Amino acid sequence: MEQSSNLRYSLIQESDLPFIKKLFGYSEVTKFYILRDDHALDIASFLDYLISAYHNHTSINYIISLNNNTPIGIIGGEIQRDLDGEVAWNVSFAILPQYWNCGYASEALKSFTNEIKHYSIAKAFLDISELNTASEKVAQKAGYKRSNQAVHMDPNHMELDVLFHWYMMLHSQREVFFSMGISAFRQKDYKGAENYFIKALEAEYEGGPNTDALCYSNMGMACSSYGNYDKAFKYLQKAKSLGLSNPSIEQELNWLKSRGYC
C-alpha cells in the first residue's frame, strides 16, 4: 500500500498486539467498531483472525502510523457479499480518539480504497450507523455514497440504531467481467470465457480499452477455440464491422472462410 503524505501503512502482524489492545481498550472506538463476542473477549484471537484471513486471501488489514512511526489506527477490508449478493470489499477502520478530527481517517480511507482498486472486485462498502456522523463524513470525503435504503438493525447491538450502506464502485462491471473472461480463456475454459465476454458486452461501457468490438473479438476467439465456428465467424465479423482489425482477427477469419464458415 502506497504511503500517503501524512501517514504510513504496514500489514498487521503479531507484534502489533499491544497496539491493537490499546486501540480497542477505548469505549469510543468499540462503540461503533463492533467486534465478535469472542474477539472482544480475546483481542489476540481477533488479531489471529485478521492475519489468518490475509493468508487465506479473504482480507487485508493495515496499521495506520504517523510518519514518525507512531501507530494511530487500523484500516482494512474483508471480501464478503453485499446487499445485492455481489462479491465486494467490506471496509472498516478505527483511529485512536486523540487523533480524531485531524483528517487521518479520511486520508487512510482514500489510500486504502486506491489500494483495493488493484484487485478485480468491483465494489467496496461500509455499513455505518446513522448515529456515527463522524464516520459518515469520512466516507463522504473519501468518495463513498450512501444508499437510500437502510441496511438493517443489529438485534445484538440496538444501540447502533439503523445502519446505512456507504459504497463505491471500484471498477465498471464491464472491466470485471472482461477480466474474468481473460482468466477463463487462459485456463482453457472457452465456453466460460465466451459467457463472461457476453456479460462484459451487456454491461454499460464507461470508456477504456474494453470496447464492444474487443468483446466481440474475444467472444469469437473463445468460440473458435471450442469449435463453434459459425458463432466465431459472426462475432469476428461483428468486431471487424465495428472498426477492430488486426492480424489475429484476419488470420482467424481467413481460416474460417477456407473451411466454408461465412
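**Figure 1. Asn-101, an exposed loop residue of the predicted model.** Asn-101 has a relative accessible area of 80%, so this residue is exposed. Its loop runs between strand E4 (87-95) and H5. The backbone here is notable for its phi, which is near 65°. That value is positive, and the residue is not a glycine.

**Figure 2. Asn-69, in the loop between strands E2 and E3.** Strand E2 covers 59-66 and strand E3 covers 71-81; Asn-69 is found in the loop between them. Its phi is near 70°. Here too the value is positive in a residue other than glycine. Asn-69 has a relative accessible area of 57% and is exposed, because the cut-off for that class is over 50%.

**Figure 3. The crossing of helices H5 and H6.** H5 spans residues 104-116 and H6 spans residues 133-141. Their axes come within 8 Å and cross at roughly 45°. H5 is therefore oblique to H6. The crossing is right-handed. From H5, the contact takes in Ala-105, Ser-106, Leu-109 and Lys-110. Their partners in H6 are Val-138, Ala-139 and Lys-141. By class, this contact of H5 with H6 holds four nonpolar residues, one polar and two charged.

**Figure 4. Helix H7 and its buried residues.** H7 takes in residues 173-186, 14 residues in total. From first C-alpha to last, H7 reaches 20 Å. That is close to the 20 Å expected at 1.5 Å a residue. Arg-174, Val-176, Phe-178, Gly-181 and Ala-184 are buried in this helix. What do the buried residues of H7 pack against? They pack against helix H8 (190-202) and helix H9 (212-225). Just after H7 comes Lys-188, with a positive phi of about 65°.

**Figure 5. The packing of H7 with H8.** Two packed helices are described by the angle between their axes and the distance between the axes. For H7 and H8, the angle is about 165° and the axes are 8 Å apart. H7 is therefore roughly antiparallel to H8, since angles over 145 degrees fall in that class. Their crossing is left-handed. H7 brings Arg-174, Phe-177, Phe-178, Met-180, Gly-181, Ile-182, Ala-184 and Phe-185 to the contact. H8 meets them with Tyr-190, Gly-192, Ala-193, Tyr-196, Phe-197, Lys-199, Ala-200 and Leu-201. The contact of H7 with H8 divides into 12 nonpolar, two polar and two charged residues. Among the H7 residues listed, Arg-174, Phe-178, Gly-181 and Ala-184 are buried.

**Figure 6. Pro-209, in the loop between H8 and H9.** Is Pro-209 buried or exposed? Pro-209 counts as exposed, at 66% relative accessibility. A second residue, Ala-222, is 13 residues from Pro-209 in sequence. In space, their C-alpha atoms are 19 Å apart.

**Figure 7. Ser-217, a buried residue of helix H9.** Ser-217 has a relative accessible area of 5%. The cut-off for buried is under 20%, so Ser-217 falls in that class. Which residues are in contact with Ser-217, leaving aside its neighbours within four places in sequence? They are Leu-236, Ala-239, Leu-244 and Ile-249. Of these, Leu-236 and Ala-239 are buried in H10.

**Figure 8. Helix H10 and the helices around its buried residues.** H10 has 13 residues, 229-241. Its end C-alpha atoms are 18 Å apart, which agrees with the 18 Å span due at 1.5 Å a residue. Ala-232, Phe-233, Tyr-235, Leu-236 and Ala-239 are buried in H10. The buried residues of H10 pack against H8, H9 and helix H11 (247-258). H10 is followed by Gly-243. The phi of Gly-243 is positive, near 100°.

**Figure 9. Glu-252, a buried residue of helix H11.** At 18% relative accessibility, Glu-252 counts as buried, because the limit is under 20%. Glu-252 touches Met-221, Ser-224 and Leu-236, not counting residues up to four places away in sequence. Leu-236 is also in contact with Ser-217. Along the chain, Glu-252 and Cys-215 are 37 residues apart. Their C-alpha atoms are separated by 16 Å.

Conventions: Residues numbered from 1 in each chain as written. Predicted model: local features only at pLDDT ≥ 70, side-chain atom pairs only at ≥ 80, totals over all residues. Heavy atoms only, no water. Helix = DSSP H or I, 4+ residues; strand = E, 2+ residues; numbered from the N terminus. Expected span 1.5 Å × (residues − 1). Buried < 20%, exposed > 50% of the residue type's maximum accessible area, 1.4 Å probe, protein only. Contact = heavy atoms within 4.5 Å. Axes fitted to C-alpha atoms, helices over the stretch in contact; angles between N-to-C directions. Parallel < 35°, antiparallel > 145°, perpendicular 65-115°, else oblique. Left-handed = near helix turned anticlockwise from the far one by under 90°. Nonpolar A, V, L, I, M, F, W, Y, C, P; charged D, E, K, R; others polar.
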